[in-house]
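Let's take a friendly walk through the inside of a protein. Have the sequence and the 3D view ready, and follow along one stop at a time.

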Amino acid sequence: MSTIWILRFTCLLQIASMGILFVFEAVRMKDVGVGESEIGLILGFSSGVFILSSIFWGRLADKRGWHKRIVVWGTIGFTGLLFYFALCTTPWQFFVYGILRSVFMPMIVGIMPTIAVKAHGEKQQGRKFGIYRAFGSVGFILGAMILPLVFNDIAIVAQASSVFLIGSLFLISKLPKPEASHIQRAPLEIRNLDSLIKLFLFSTFFISLADPAVHGFFNAYARDLGGSTRLLGLLAGMFGLVAFFFLPLMGRAIDHFRPSSVLVISLLFQPLRVFVTSTLDDPNFLWIPILFHGICWGGMEVAAVVYLSRRVEEGQKATVLSYYMAVRMLGTLVGASVCGYVAEHFGYVTMFRTISAAALVGALIYTFGIVISRIRERSTPGISGTEHQLKSDQARGNEPF
């Protein structure tokens with residue numbers, strides 16, 4: 001089996017297992033009596049740990065060339081975490097779970113994109129990476145929709161999903177060591193990033209404020225409206241189905257247009273998606289905002305990874321992607337606390353509309369920044385990036401941003 005296919009099936013198995021927590025962690029907390037504010041604090045603190053953990057593992061991978069090794073140990077740790085999650089019943093137990101999740105998860109989701117981007121090469125990179133992530137969407141459908149239909153118990157579903165991670169270990173062992181090509185010894189500091197990357201990361205913070213609303217609290221809202229575990233599984237499966245079709249399309253768009261154009265569209269759809277959710281009061285119609293998932297999440301998932309990895313040196317990819325993951329988690333940390341407080345005291349509708357307005361701020365910041373950069377580019381060629389970055393982009397046949 002080729003490296004590309006190993007990566008695709010590995011992604012499928014990893015998301016099949018981790019997707020369970022994306023969908024059901026807040027629901028399980030709510031089912032055992034944990035309040036919305038406590039859920040927000042748990043998810044928020046977990047995001048804080050994720051920030052530090054993501055940067056640590058990203059830098060370590062680039063410095064030591066331990067990409068594959070970190071993914072293996074993270075997979076082993078996450079497998080045990082799934083069994084612990086099934087046993088949690090108190091806020092403190094979920095608090096410990098949140099810490100461990102944020103230690104192990106970045107070891108997988110933070111490092112695997114770096115391995116995949118390197119393996120896919122430069123030619124048609126967007127399309128190839130989009131297909132790679134589409135296999136993850138198939139796994140998401142398998143884990144978040146099929147397993148709940150079989151077991152209908154969140155705890156058992158989490159334990160059963162550990163089989164997928166165990167299977168992924170076998171595939172990971174077949175991957176070549178990426179450190180054999182190049183190791184970047186000098187760490188990539190945030191101050192050394194070019195202005196467009198900084199602009200994108202700043203905007204990502206505001207967009208990420210809505211992540212708890214479109215994932216964890218979205219499912220809690222569905223449960224609050226009377227949705228069953230099977231309905232939640234079906235909604236989760238629709239997330240994966242929409243992403244499966246849109247991820248390759250977003251990848252093709254990146255190969256044919258500026259990555260920043262795809263990012264602008266994706267960011268603008270995020271607040272719209274959240275607002276539409278606030279207009280629905282029947283769980284059977286919550287599939288409507290999921291239709292936006294392929295654009296606002298699918299576009300970000302592919303465009304951000306490809307865009308950022310193209311604008312840094314070969315041995316700095318894991319680090320810059322770890323900064324991206326850290327900023328997203330920082331937004332999630334703040335967003336989870338805000339969502340939990342507003343939902344408990346003012347209701348879910350107010351929560352969705354408040355967080356939609358915050359996400360709109362981030363989308364407009366990036367949109368205006370890109371417009372200004374393009375105006376400057378036309379008036380002064382080369383101002384949009386460093387000389388090295390422009391040459392690198394031109395060599396790949398891509399626009400500078």
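Is Cys 88 buried or exposed? Cys 88 counts as buried, because its relative accessibility is 0% and the cut-off for buried is under 20%. Keep in mind as you read that this is a predicted model.

## The nonpolar core

In soluble globular proteins, nonpolar side chains tend to be buried together. Here, the largest nonpolar core has 124 residues, and the members that touch the most others are Phe 78, Phe 200, Met 351 and Tyr 366. Helix α1, which runs over residues 3-31, gives this core its largest share, with 14 residues.

Try clicking on Phe 200. Which residues does Phe 200 contact once its neighbours within four places in sequence are left aside? The partners are Leu 263, Met 300, Ala 304, Leu 308, Tyr 324 and Tyr 366. Tyr 366 appears again here, as one of the core members that touch the most others.

## Cysteines without a bridge

A disulfide is a covalent bond between the sulfur atoms of two cysteines. How many disulfides does a search of the whole structure find? The search finds zero.

Cys 11 is a good example to look at. Its sulfur is 18 Å from the closest cysteine sulfur, which belongs to Cys 296, so the two are too far apart for a bond. Cys 11 is also buried, because its relative accessible area is 2%, and buried means under 20%.

## Empty spaces inside

Rolling a probe the size of a water molecule over the atoms shows where empty space is left. This structure holds four cavities of 30 Å³ or more. The largest cavity contains about 950 Å³ of space. Its lining is made of 44 residues, and those nearest its centre are Phe 22, Met 105, His 215, Trp 297 and Arg 328. Helix α1 gives the largest share of this lining, eight residues, just as α1 gives the largest share of the core. By type, the lining residues of the largest cavity divide into 27 nonpolar, 11 polar and six charged.

The second largest cavity holds about 120 Å³ of space. It is lined by 15 residues, and the closest to its centre are Asp 211, Gln 270, Cys 296, Trp 297 and Arg 328. The elements that give two or more residues to this lining include α8 (195-208), α15 (298-310) and α16 (317-346), while the largest share, three residues, comes from α12. This lining divides into six nonpolar, five polar and four charged residues.

## Two residues of helix α16

Where is Arg 328 found? Arg 328 sits in helix α16, and you have already met Arg 328 beside the centre of the largest cavity and of the second largest one. Arg 328 is buried, because its relative accessible area is 15% and the cut-off is under 20%. Not counting residues up to four places away in sequence, Arg 328 touches Thr 204, Ser 208, Asp 211, Trp 297 and Glu 301.

Tyr 323 lies in helix α16 as well. With a relative accessible area of 3%, Tyr 323 is buried. Tyr 323 and Ser 54 are 269 residues apart along the chain, yet their C-alpha atoms are separated by 7.6 Å.

## Three more buried stops

Thr 114 belongs to helix α5, residues 112-120, and is buried with a relative accessible area of 1%. Leaving out residues up to four places away in sequence, Thr 114 touches His 67, Lys 317, Ala 318 and Leu 321.

In helix α11 (residues 229-256) you will find Gly 251, which is buried at 0% relative accessible area. Gly 251 contacts Gly 126, Arg 127 and Val 302, with neighbours within four places in sequence left aside. Gly 251 and Arg 133 are 118 residues apart along the chain, and 9.8 Å separates their C-alpha atoms.

Finally, look at Ile 290 in helix α13, residues 287-290. Ile 290 is buried, with a relative accessible area of 1%. Beyond its neighbours within four places in sequence, Ile 290 is in contact with Phe 218, Leu 235, Met 238, Phe 239 and Val 242. Ile 290 and Thr 332 are 42 residues apart in sequence, and C-alpha to C-alpha they are 19 Å apart in space.

Notes. Residues are numbered from 1 along each chain as its sequence is written. This is a predicted model: local features need pLDDT of at least 70, side-chain atom pairs count only at pLDDT 80 or more; totals for chains, interfaces and linings use all residues. Side-chain values use heavy atoms; hydrogens and water are left out. A nonpolar core is a set of buried Ala, Val, Leu, Ile, Met, Phe, Trp, Tyr and Cys residues joined through side-chain atoms within 4.5 Å. Buried means under 20% relative accessible area, exposed over 50%, partly exposed in between (1.4 Å probe, protein chains only). Helices (H or I, at least four residues) and strands (E, at least two) are DSSP runs, numbered from the N terminus. Contact means heavy atoms within 4.5 Å. A disulfide is a pair of cysteine sulfur atoms within 2.5 Å. On a 1 Å grid over the protein atoms alone, a cavity is a set of points where a 1.4 Å probe fits but cannot get out, and a pocket is an open set with protein on both sides within 12 Å along at least five of seven lines; lining residues have an atom within 4 Å of a point. Grid points are joined across faces, edges and corners, and a volume is the space filled by probe spheres set on the points. Ala, Val, Leu, Ile, Met, Phe, Trp, Tyr, Cys and Pro count as nonpolar, Asp, Glu, Lys and Arg as charged, and the others, Gly among them, as polar.
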